[in-house]
Amino acid sequence: MDGSDFIVPPPGLVPGEPPAVPERASKPVERTLPSFAPGRSGPPPLVPTPDGPVVQAPPPLDPAYEVTGERVRWRLAAPGGADAVVTGPSVLGRAPRIEDAEGASAAVAIDDPGRTVSKTHALVVPAGDALAVTDLHSTNGVRIERQGAAGEDLAPGSTALVGDGEVLVLGRLRLLVARLPSPNV
């Protein structure tokens, strides 16, 4: 082949030898295993991973679960038969997302024809004989109505307990709170 028919590619277009990879200075990685006290229950402590962020432990179980070995279930019943069952930390709203409420492990959609419930309205967490309710800075607020007592309006971001037979009001939607018996397994 003579030089007139051959085109020389520009520099860097045709791969050549791969560039030499600089060697990383290796430093010893110190690793220890977590230790647990005998008889300790619950999740393990937070443990950093060698190459990543701290591993987050799952939210703690309902205290009643650790005593009885049964998960406590709660029913939130709205007028007209619509209801929801809560078994763990859950975010409530018209279109809730777990990532919008720290600690939530479930999203429970609440059907509200009046649209007074926010998309992400409240966080409910089983807490023994009650539900801990936190207002997630909702537009129309959270109220707890107890028999024989004045209603309690929650300030945005605050938490209160609501028990069996009491009424949880999200916006204008009233939900009767009832503790359900644990299912037989």
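# Close-up views of the predicted model

**View 1. Arg 143 is partly exposed, with a relative accessible area of 28%.** The model shown here is predicted. Arg 143 pairs with Glu 145 in a salt bridge, and their closest N and O atoms are 3.6 Å apart. Glu 145 is also partly exposed, at 25% relative accessibility.

**View 2. Glu 152 and Arg 146 join their side chains in a salt bridge.** The N to O distance is 3.0 Å. Glu 152 counts as partly exposed, with a relative accessibility of 33%. Arg 146 is partly exposed too, at a relative accessible area of 25%. A network of salt bridges with shared partners links Arg 143, Glu 145, Asp 153 and Arg 174.

**View 3. A salt bridge connects the side chains of Asp 129 and Arg 179.** N and O lie 2.6 Å apart. Asp 129 sits in the loop between β5 and β6 (130-135), while Arg 179 belongs to strand β11, so the pair ties together parts 50 residues apart in sequence. Asp 129 is exposed, with a relative accessible area of 62%. Arg 179 is partly exposed, at 31%. Across the whole structure, a search finds nine salt bridges.

**View 4. Asp 112 is buried but has no salt bridge.** Asp 112 is found in the loop that runs between β4 (106-109) and β5 (122-127). The nearest side chain of opposite charge is that of Arg 94, 5.9 Å away. A salt bridge needs a side-chain nitrogen of Lys or Arg within 4 Å of a carboxyl oxygen of Asp or Glu, so that distance does not qualify. Leaving aside residues up to four places away in sequence, Asp 112 touches Val 117 and Leu 173.

**View 5. Six strands make up an open sheet with antiparallel pairing.** The strand order is β2-β1-β11-β10-β7-β8. The edges are held by β2 (83-86) and β8 (152-154); each has a single partner strand, so one side of each lacks a neighbour in the sheet. From one strand to the next, the twist averages 25°.

**View 6. Strand β1 (residues 73-77) runs antiparallel to strand β11 (residues 173-180).** Five bridges join the two strands. Arg 73 of this pairing faces Leu 180 in β11. Arg 75 stands opposite Ala 178, again in β11.

**View 7. β1 also pairs with β2, in the antiparallel sense.** This pairing spans four bridges. Trp 74 has Val 86 in β2 as its bridge partner. The hairpin of β1 and β2 has five residues between the strands. In this hairpin, Gly 80 takes a positive phi near 90°.

**View 8. The whole protein holds one helix and 11 strands.** Along the sequence, the pattern reads α-β-β-β-β-β-β-β-β-β-β-β. The protein has 185 residues, and 29% of them count as buried. Its exposed area is about 12800 Å², with carbon and sulfur atoms supplying 56%. Among contacts with a separation of 6 or more, 47% are between residues 24 or more positions apart.

Methods. Residues are numbered from 1 along each chain as its sequence is written. This is a predicted model: local features need pLDDT of at least 70, side-chain atom pairs count only at pLDDT 80 or more; totals for chains, interfaces and linings use all residues. Side-chain values use heavy atoms; hydrogens and water are left out. Two strands pair if DSSP finds at least two bridges between them. Axes are lines fitted to C-alpha atoms, for helices over the stretch in contact, and angles run from 0 to 180 degrees between N-to-C directions. Buried means under 20% relative accessible area, exposed over 50%, partly exposed in between (1.4 Å probe, protein chains only). Contact means heavy atoms within 4.5 Å. Accessible areas come from the Shrake-Rupley method with a 1.4 Å probe; for residues, only the protein chains shown count as cover. Lys and Arg count as positive and Asp and Glu as negative; His and the chain ends are not counted.
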